[in-house]
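Welcome to this tour! Open your viewer, get your selection tool ready, and follow along one stop at a time.

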Amino acid sequence: MADPPAASEFPPHAARDYFRFEVVHESKKPGSRARVGRIHTPHGVIETPCFVPVGTNGALKAVDGRSAAEADVRLMFSNTYHLLVHPGPDTVAKAGGLHTFMNRDAPIITDSGGFQVFSLAEPDSDEDGPELKMKRAKRKRGDDGAQQDTSHGSLVSVTEEGVVFKSYRDGVEIKLTPESSVAAQKKLGGDIIIPLDELPPYHVTRDRLNASVQLSHRWMARSLKAHLADPRKQAMYAVVHGGVDREFRERSAAYLSSLPFDGMAVGGSLGKDRGEMLDMLAWLMPLLPRERPNHLLGIADPESCAAVVPLGVDTMDSCNPTRIARHGTLLTTQGNVKIKATQYREDFGPIDPGCPSVPHTRAYLHHLFKQNEPLALTLASLHNIYYMNHLMRDMRAKILRDEL
């Protein structure tokens, strides 16, 4: 098993003139590592701790860019895998980059595409997002008018060079390497980009996990070299791996911290449940460099946010708040509201008296969902984004008062 390149092969870490992180306040509450910070990017400042909604295809589902800006979305996540399949990085580049293509004048983070690719290897696992499940089941009519199954998405091979997968759109084989992932993200033009890594399932042997961590380190080192050769005012975050194995996580944190990544993300398998994830983060977070921002990948429901911020997490992404909104669950300061329930038919109060959001009543949203009006998805999703940002503002205020 080859070792990843030594830190001596890279320049030392240094703040960029286009990307820097400042810590505004560290909580003085005993046992807390919570902090308020600011991430300065070419497209604006990200106040941390920060919730990052996921716009898989370069769009928040059912929410337009202007409404997202009004809801104070500071940082938005987009998936390279989906944008690679359609419309393709070249098309986005011709449009002027993702910011211009989306008409978003605020920070964007893109991933490597690896998460979705490796989710294809586990079609029935919890790692497989609803977008991929939907696209696998997608069908279309061929030139002869017959129904054709286009559910071709699958992982073909994993080698030292990279991964080969079949597009869920047309079955065409696509090769993704550390260098090609970086090249695609250069064309997309996000403010923060992620290097290619491998995502093994939760239940693997220790030897298999060790091999995966080492492969991810080699891939991330190659990604970093490709990025540093053409920075384009983008920042790159490393992804700390190792599952819930303390030795592997510590080794991953130490190696990646020695390289000139601009920030640190926590990825890979995060445990079988929230409790195991929090146990892991409790001893991992102190190992990450305090002078760099960090990001928790794929976890940002309200309960998890409240639990990980005191551990020192700066930003966190998830599609959970907008996903549950589309199914009629509204997040409120009084608990979750299942807006389709009959009890809200004549509830003419605001959605959440403790959180200003969309100017409509519970009764109105109940009516829209019952009539399958598309506006229901927009208003519910927008409300949950407002709620998440309200939650993060409240936590920032508590940190500043040393209460969190």
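Which backbone oxygen does the side chain of R249 reach at 2.7 Å? Select R249 and look along its side chain: the backbone oxygen in question belongs to G267. Keep in mind as you go that this is a predicted model.

**Stop 1: R249 and its surroundings**

R249 sits in helix 9, which covers residues 246-257. Now add V240 to your selection, because its backbone oxygen lies 2.6 Å from a polar atom of the R249 side chain.

Is R249 buried or exposed? R249 is buried, yet it has no salt bridge. Show D245 too: this is the nearest side chain of opposite charge, and it is 8.5 Å away. A salt bridge would need the side-chain nitrogen within 4 Å of a carboxyl oxygen, so this pair does not count as one.

To see what surrounds R249, leave aside its neighbours within four places in sequence and display its other contacts, among them H241, G268, S269, M280, W283 and L284.

**Stop 2: colour by confidence**

Switch your colouring to pLDDT. The chain has a mean of 91, and 92% of its residues reach 70 or more. Then select residues 123-151, where the pLDDT is below 50. Beyond near neighbours in sequence, this stretch has 49 contacts in the model. A word of caution applies here: where pLDDT is low, the predicted coordinates should not be read in detail.

**Stop 3: the sheet of 8 strands**

Go to the cartoon view and find the open sheet of 8 strands, with parallel pairing and the order 4-16-15-14-13-12-6-5. Which strands stand at its edges? They are strand 4 (50-53) and strand 5 (76-78). Each has a single partner strand, so one side of each is left without a neighbour in the sheet.

Within this sheet, select strand 15 (residues 294-296) and strand 16 (residues 315-318), which pair in the parallel sense over 2 bridges. For one of the matched pairs, pick H295 and its bridge partner in strand 16, T315.

**Stop 4: strands 1, 2 and 3**

Next, select strand 2, residues 35-41. How many of its 7 residues are buried? The count is 6, so the strand is mostly covered.

Add strand 1 (residues 20-26), which runs antiparallel to strand 2 and is joined to it by 6 bridges. Here F21 stands opposite I39 of strand 2. Strand 3 (residues 44-48) also runs antiparallel to strand 2, with 5 bridges between them. On that side, H40 has V45 in strand 3 as its bridge partner. Trace the chain from strand 2 to strand 3 and you pass through a hairpin of 2 linking residues. While you look at the side chains, remember that in a regular strand they alternate between the two faces of the sheet.

**Stop 5: salt bridges**

Side chains of opposite charge can pair when their charged atoms come close. The whole structure holds 24 salt bridges. Start with E9 and K225, whose closest N and O atoms are 2.9 Å apart. E9 lies in the segment before strand 1 and K225 in helix 8 (residues 206-228), so the pair ties together parts that are 216 residues apart in sequence. Both partners are partly exposed: E9 has a relative accessible area of 47%, and K225 has 37%.

Another salt bridge joins E403 and R401, at 3.0 Å from N to O. E403 is partly exposed at 41%, as is R401 at 47%. Then select E22, R38, E47, D72, R74 and R393 together: salt bridges that share partners join them into one network.

**Stop 6: unusual backbone spots**

Most residues other than glycine have a negative phi, and most peptide bonds are trans. What is the peptide bond from T48 to P49? It is cis, with omega near 0 degrees, and P49 is in the loop between strand 3 and strand 4. A cis bond also joins H86 and P87, where omega is about 5 degrees. Look for P87 in the loop between helix 2 (80-85) and helix 3 (89-94).

Finish with two positive phi values. K233, with phi near 60 degrees, lies in the loop between helix 8 and strand 13 (235-240). N372, with phi near 55 degrees, lies in the loop between helix 13 (362-370) and helix 14 (374-400). K233 is exposed at 54% relative accessible area, and N372 is exposed at 67%.

Methods. Residues numbered from 1 in each chain as written. Predicted model: local features only at pLDDT ≥ 70, side-chain atom pairs only at ≥ 80, totals over all residues. Heavy atoms only, no water. Helix = DSSP H or I, 4+ residues; strand = E, 2+ residues; numbered from the N terminus. Buried < 20%, exposed > 50% of the residue type's maximum accessible area, 1.4 Å probe, protein only. Lys, Arg positive; Asp, Glu negative; His and termini not counted. Polar contact = N/O pair within 3.5 Å; in protein donor to acceptor, adjacent residues only side chain to side chain. Contact = heavy atoms within 4.5 Å. pLDDT = per-residue confidence, 0-100. Pairing = 2+ DSSP bridges.
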